[in-house]
Amino acid sequence: MMVVLYLDLHGQSAQWRRLAMASPPDVLVLFRRMLDVAVRIPSRVRVFWVHDYQGVSRDSPRGRMVRALAIGWRQLTGPLWHERVDAVFAVSEFMARQLAWLLRVPEHKLRIMPNGIDPSLFREGQVSARDPWRLVYTSVPERGLQTLLRDIYPAIRSELPETELHVFSYRSLEAFRAVTGPGVHLRGSLPKHRLARELMASSLMTYPSNFEELGAIAVLEAMAAGVPVVTSALGVLPELVGDDERGVVVGGVPGTPEFATDYARAVVRLLRDPHRLERMRLAAREFALQQRSWDAIAETWERTLAELLSARRLGRG
């Protein structure tokens with residue numbers, strides 16, 4: 001039976017030191033803070049689970065020279081970091097490629113351990129009907145909402161006036177009221193169970209993200225609700241959408257007029273093709289509930305950790 005302890009290496013420093021000395025763990029999983037690999041905790045296997053850009057993203061506000069120096073420093077010192085762990089878990093293939101490039105993590109150390117969703121929130125029958133013209137946006141507003149409201153949705157509504165766009169976010173939406181036109185409903189923040197019902201009543205997620213997503217939980221939740229996504233080609237998003245199986249990827253640079261035009265056309269074409277949309281709806285829901293449920297991910301954790309421990313016992317780690 002696996003026993004898991006969660007400890008804050010900084011807030012609970014005295015506690016984990018006592019526990020580690022009295023009973024060293026078989027597996028130590030370090031989460032998010034790269035400098036934690038320097039912490040001296042005895043264990044048979046050490047894993048670092050990455051969820052964030054490690055200081056250098058495509059949209060970094062740093063100047064070009066400072067960003068180049070930061071990239072060079074990480075590529076130079078990367079081995080000093082990854083040599084302190086037996087495996088590096090990334091939340092997507094995209095992130096794994098970034099880690100291999102930026103920190104020179106060798107392929108044999110990389111594993112994909114994605115984010116997940118709670119399937120119990122998305123049981124069928126929790127809503128009476130799905131509105132075929134109801135669009136939804138559920139991420140933080142900085143990731144493409146302004147261009148959606150200002151440039152994209154007006155073009156969609158001019159072609160399909162029966163559509164509505166419902167916007168949910170745990171961050172304030174007040175700054176976007178100035179660019180909110182007919183058919184747009186700024187709904188704000190909802191508890192998870194209520195947001196799930198709103199998603200299950202919707203038809204399509206419009207997410208013209210201008211950010212290199214790493215895990216995209218908002219997209220996974222929409223897919224679990226049977227809501228395909230029309231999105232950009234940045235980060236993990238093409239992985240989640242697949243080859244036009246579970247949604248549509250629009251190429252180009254988000255925020256440009258060309259992208260806005262292509263994006264609006266993609267949404268209109270999909271809404272006018274209910275059979276294609278229904279195929280995507282079923283595929284998106286199946287993918288999210290079967291491959292991205294926390295139960296499925298927990299099984300992957302157990303299997304992967306068992307493999308790492310076995311390799312250590314056989315002297316291959």
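Me: Which elements each supply at least two residues of the second largest pocket's lining?
Reply: H5 and H6 each supply at least two. This is a predicted model, where local features need pLDDT of at least 70 and side-chain atom pairs pLDDT 80 or more, while totals for chains, interfaces and linings use all residues. Residues are numbered from 1 along each chain as its sequence is written, and side-chain values use heavy atoms, leaving out hydrogens and water.

Me: What do H5 and H6 stand for?
Reply: Helices (H or I, at least four residues) and strands (E, at least two) are DSSP runs, numbered from the N terminus. H5 covers residues 192–200. H6 covers residues 217–224.

Me: Which helix gives the most to that second lining?
Reply: H6, with 3 residues. The second largest pocket is lined by 29 residues. Val-140, Arg-143, Tyr-170, Ile-217 and Ala-218 lie nearest its centre.

Me: What counts as a pocket?
Reply: On a 1 Å grid over the protein atoms alone, it is an open set of points where a 1.4 Å probe fits, with protein on both sides within 12 Å along at least five of seven lines. Lining residues have an atom within 4 Å of a point.

Me: How much space is in the second largest one?
Reply: About 740 Å³. A volume is the space filled by probe spheres set on the points.

Me: And what is the volume of the largest pocket?
Reply: About 1200 Å³. H1, E1 and H10 (294–313) are the elements giving two or more residues to its lining. H10 gives the most, with 6 residues.

Me: Which residues lie nearest the centre there?
Reply: Val-4, Leu-5, Val-27, Leu-28 and Val-29, out of 31 lining residues.

Me: Switching to salt bridges. How many are there in the whole structure?
Reply: The search finds 13. The test is a side-chain nitrogen of Lys or Arg within 4 Å of a carboxyl oxygen of Asp or Glu.

Me: What is the N to O distance for Arg-134 and Glu-198?
Reply: 2.5 Å. Arg-134 sits in strand E5 (residues 134–137) and Glu-198 in H5, so the bridge ties together parts 64 residues apart in sequence.

Me: Is Arg-134 buried or exposed?
Reply: Arg-134 is buried, with a relative accessible area of 8%. Glu-198 is buried as well, at 17%. Buried means under 20%, exposed over 50%, and partly exposed in between (1.4 Å probe, protein chains only).

Me: What about Asp-26 and Arg-44: which contact do they make?
Reply: A salt bridge, 3.1 Å from N to O. Asp-26 is in the loop between H1 (13–22) and E1 (27–31), and Arg-44 is in the loop between E1 and E2 (45–50). Asp-26 is partly exposed at 41%. Arg-44 is partly exposed at 33%.

Me: And which residue does Glu-278 bridge to?
Reply: Arg-281, with the closest N and O atoms 3.2 Å apart. The two are 3 residues apart in H9 (residues 274–291), so about one helical turn separates them. Glu-278 is partly exposed at 37%. Arg-281 is buried at 10%.

Me: Last topic, strands. In which sense do E8 and E9 pair?
Reply: Parallel, over 3 bridges (pairing needs at least two bridges found by DSSP). E8 spans residues 204–207 and E9 spans 229–232. Tyr-207 stands opposite Thr-231 in E9.

Me: How many bridges join E9 to E10?
Reply: 4, and those strands run parallel. Val-230 has Val-248 in E10 as its bridge partner.

Notes: Right-handed = clockwise from strand over helix to strand, strands pointing away.
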